[in-house]
Structure formats: structure tokens, C-alpha cells
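Student: I am new to this structure and would like a close look at a single part of it, the sheet. Could you take me through it slowly, and then show me what surrounds it?

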Amino acid sequence: MKKTKVKKQKTLKKQGCSLFLLLMLLALAPVVLATVILSTTSLRLTRTNLEGSVQTTLHVTADNLAKYCKENDASGYYEYLDSLKEEGLEMAILADGIPATTSIKNENDYRIREIPMDQDLGTEGYYDKNVVIEGNTYYGYYIPIMNNGQITAVAFAAERKNEITDALWEIEVVFMVCAVGMVILFGVICFFLSRALSGKMK
């Protein structure tokens, strides 16, 4: 009789444990899945919006520089080019056969003289996500400076790519911490609910 009771108790314990784990799985799996899907979707949207914002900002900056060059002489260019450095934005005026006029400086704090332009400019300009200048990668926007229907120079605006990458990484860390926190919170809630339900169903 004692052996039979012991076997029954062990069987009940195993059934209770299995039921508890099943309830935990059923309760927690949807939470984990939903958290992963929402986090991934939010990160992609955030990345897309941030990169779109960078492109818009650089387009406006380059376009304003082009307009400034049309309306002013060359004496105040450097002051204008340096005006947005504190916001992380660099500007330059490019023309064939002469060194670049730019706010971008090298590691020795000298203004650089060359900025690549690898695509056909056209009349609308273009956006480039990978402009390599002095070993650093930039997001860049090129806008033609027109005079009497002819392209006389190019207005260029840029932002260091690693600054955007760092900002995205910080956002990703926040999302990951929030996601892990939510999973842990719901995990604790599911644990107590599953334990209570499995106890009642024995």
C-alpha cells in the first residue's frame, strides 16, 4: 500500500510539473513572439525614419548652400560653411580644376582639398550613403550650382555615418532593454498564474 501511495504521489507530482510547464509555455510563448516582432518592426521603422531624416536634412542644407553661393560673393564662404559644424553637418563647394572649399578638416586640423563625386550630377543632384573622405564615411548630398542654365559648381552637405550608426545603436539598446524587461515581467506573472492554475487543476 505504501509503495502504491508513493507511486501515486510521484505520478501526481510529474503531472503537476508537466501541467505547470505547459501553462507557462502557452502563456509566455505569445508574449515572447509578440515582443520580438514588435521590437524588430519598430527598429526597422526607426532606422528608416532616421536615415530618411538625414537625407532630407542634407538635401535642404546643400540646397541652401547652393542658393547662398548664387546670392553672395566668395568672401564669406568659410563662415557660412562652418556655421553648422556644431550640429554635425559639414558643407563644401566643389568645382572642376580647383581645390574644394569646405568645412571638413583632416586629423591635423587643416581643411581638406578633395571630395569625391562618383556619379553623374544631373540637374537635381543626388544622395550618396557612402562618401569616403579622408578615411571617414559620410552620408552626402550633392546639389548643382547653376548660372545661366549651366552648372558652375556643386554644393555638398555631409554628416559622419558613424554618428548616425551610434545613434541607432543607442536606440537599439533601449529597445532590447525594454523587450527583455517586458519578457521578464510577463514571465514572472505567467509563473505565478501557471502555478496557481496547475494547483487548482490537480
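Tutor: A good place to begin is the hairpin of β3 and β4, which has 2 residues between the strands, and where glutamate 134 takes a positive phi near 55°. Please keep in mind throughout that this is a predicted model. The two strands of that hairpin, β3 and β4, run antiparallel and are joined by 6 bridges, and one of the pairings to look for is that of tyrosine 127 with its bridge partner in β4, tyrosine 141.

From β4 the eye can pass on to β5, since 10 bridges join these two strands, which again run antiparallel. The hairpin of β4 and β5 also has 2 residues between the strands, and here asparagine 148 takes a positive phi near 55°. Asparagine 147 has glutamine 150, in β5, as its bridge partner.

On the other side of the sheet, β1 and β2 run antiparallel and are joined by 2 bridges, with alanine 92 finding its bridge partner in threonine 102 of β2. Put together, 5 strands form an open sheet in the order β2-β1-β5-β4-β3, with antiparallel pairing. The edges are taken by β2 (101-102) and β3 (126-133), and because each of them has a single partner strand, one side of each is left without a neighbour in the sheet.

The surroundings of the sheet can be followed through the nonpolar cores. The largest nonpolar core has 22 residues, and those that touch the most other members are Leu58, Leu65, Ile93 and Ile145. At least two residues of this core come from each of α1 (2-71), α2 (77-81), β1 (89-94), β4 (136-147), β5 (150-160) and α3 (161-200), and α1 gives the most, with 7 residues. Leaving aside residues up to four places away in sequence, leucine 58 touches Leu89, Tyr127, Tyr139, Gly140, Tyr141, Ala157, Ala158 and Glu159, so the list takes in both tyrosine 127 and tyrosine 141, the bridge partners in β3 and β4. A second, separate core has 15 residues, among them Leu94, Leu121, Val131 and Ile133.

Finally, there is a nonpolar patch on the surface to look at, which covers about 450 Å² and is made by Val180, Ile184, Val188, Phe191 and Phe192. Valine 180 lies in helix α3, and with a relative accessible area of 48% this valine 180 counts as partly exposed.

Note on methods. Residues are numbered from 1 along each chain as its sequence is written. This is a predicted model: local features need pLDDT of at least 70, side-chain atom pairs count only at pLDDT 80 or more; totals for chains, interfaces and linings use all residues. Side-chain values use heavy atoms; hydrogens and water are left out. A nonpolar core is a set of buried Ala, Val, Leu, Ile, Met, Phe, Trp, Tyr and Cys residues joined through side-chain atoms within 4.5 Å. Buried means under 20% relative accessible area, exposed over 50%, partly exposed in between (1.4 Å probe, protein chains only). Helices (H or I, at least four residues) and strands (E, at least two) are DSSP runs, numbered from the N terminus. Contact means heavy atoms within 4.5 Å. Two strands pair if DSSP finds at least two bridges between them. Patches are made of residues with over 30% relative accessible area and no salt bridge: like charges are joined within 9 Å, nonpolar side chains (Val, Leu, Ile, Met, Phe, Trp, Tyr) within 5 Å. Accessible areas come from the Shrake-Rupley method with a 1.4 Å probe; for residues, only the protein chains shown count as cover. A salt bridge is a side-chain nitrogen of Lys or Arg within 4 Å of a carboxyl oxygen of Asp or Glu.
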